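Have a look at the model below before reading on. A short tour of a few spots follows it.

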Amino acid sequence: MDLHHVIDIARPVLSDYLLKYLRSRVNILIVVDNEISLSPGANAFGIERVIRLLRDTSVGCMHFQVDVGVRSNVPFSVVASPVGTAAKYVGFRFDSTLPAGGRVIDAYDEVWCFGFKPDNFAGSDANITAPGALPASNAELAVLTTWMNNRKGGVFATGDHDYLGASMCHRIPRVGTMRAWTNAQGVPPIGTALRIDTNRPANAAEMAGTEMIEFDRQSDAVPQPIQWKAWLSFSSSPWHIRKRPHPVLCHPTLGPIDVMPDHPHEGVVFDHVPQPDVGLAAITLGNNYNFGAGVTGQNTPQQVGYNPCRWSLRTEQP
């Protein structure tokens with residue numbers, strides 16, 4: 001419920017009522033390759049803090065239940081009581097079935113994919129679908145697509161520079177064609193001047209482009225600014241128009257989010273034009289997709305914010 005149109009005197013009372021009686025829960029399944037750490041540690045290449053923050057956060061009357069599945073070569077199993085941020089599902093696939101029956105993903109509203117495979121060595125695209133990289137199969141993608149279409153499940157998927165995460169994610173509908181995952185699609189490298197760098201320059205030479213921005217600038221106190229696009233506009237008077245960004249860029253207490261963490265070698269998203277997937281020319285932005293099980297669908301992303309020089313943030317249309 002949007003409380004912006006509620007008069008100030010009634011808003012606290014209504015907010016308390018919503019928190020007390022209409023508390024809701026979003027069930028999130030985070031899926032990682034086994035190279036992604038789930039343990040705390042200052043130098044861990046992982047998402048332990050993300051999981052912990054989600055579990056400890058509530059937004060209005062909404063809170064988050066988070067479980068983790070790890071893609072690995074071991075047989076699928078369910079951990080009854082995982083400790084801390086450890087995985088609940090080991091040897092997970094998108095078509096994994098619970099011992100009592102039913103697909104694992106059917107218990108969740110959202111699936112978040114953090115990929116690493118095939119590797120971080122800037123190899124050829126053949127590595128993406130090598131068996132050892134555990135690429136998502138047609139059977140998995142048919143199940144995931146059905147869940148997306150019929151249950152309206154939401155998917156977040158990310159890799160990084162080069163083809164990190166491509167084995168799991170590059171053929172997932174919608175997200176698979178919203179960004180570059182393969183060399184054939186023009187993934188940016190980890191190094192050289194061709195990398196996509198959102199670190200903020202810290203001196204005149206870096207500002208002028210005569211020196212490469214240092215890697216450790218990502219750890220300073222200066223984030224990258226973004227410009228959000230108006231998602232909703234309404235008039236509070238004939239002379240005043242109020243605007244807000246897409247909800248994904250709305251902080252519950254601090255207002256519109258207009259900064260993001262910076263990073264020395266990003267991935268890249270596509271512009272709002274068709275982009276063919278490698279080996280699956282039928283899967284393009286805005287076109288139908290089919291994984292051999294009669295499962296098809298269509299949706300296109302929308303841009304909700306951008307850094308004018310580097311990247312844009314996208315989400316699916318409702």
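What follows covers one pair of strands and two loop residues.

This is a predicted model, where local features need pLDDT of at least 70, side-chain atom pairs count only at pLDDT 80 or more, and totals for chains, interfaces and linings use all residues. Numbering starts from 1 along each chain as its sequence is written, and side-chain values use heavy atoms, with hydrogens and water left out.

Let's start with the strands. Strand β6 (residues 110-114) runs parallel to β7, and five bridges join them; Glu110 has Gly154 as its bridge partner in β7. Strands pair if DSSP finds at least two bridges between them. Add helix α3 (residues 138-150) and you get a right-handed β-α-β unit, β6 to α3 to β7. Strand β7 (residues 154-158) has Val155 and Ala157 on its covered face, with Gly154, Phe156 and Thr158 on the uncovered one. Helices (H or I, at least four residues) and strands (E, at least two) are DSSP runs, numbered from the N terminus.

Now for the two loop residues:

| Residue | Loop between | Relative accessibility |
|---|---|---|
| His263 | β14 (259-260) and β15 (301-307) | 18%, buried |
| Ser39 | β1 (24-33) and α2 (48-56) | 42%, partly exposed |

Buried means under 20% relative accessible area, exposed over 50%, and partly exposed in between (1.4 Å probe, protein chains only).

Leaving aside neighbours within four places in sequence, His263 is in contact (heavy atoms within 4.5 Å) with Asp160, Ile196, Asp197, Thr198, Asn199 and Gln218. On the same basis, Ser39 touches Ala44 and Glu48. Ser39 and Thr85 sit 46 residues apart in sequence, yet 7.0 Å apart in space, C-alpha to C-alpha.

How values were computed: Right-handed = clockwise from strand over helix to strand, strands pointing away.
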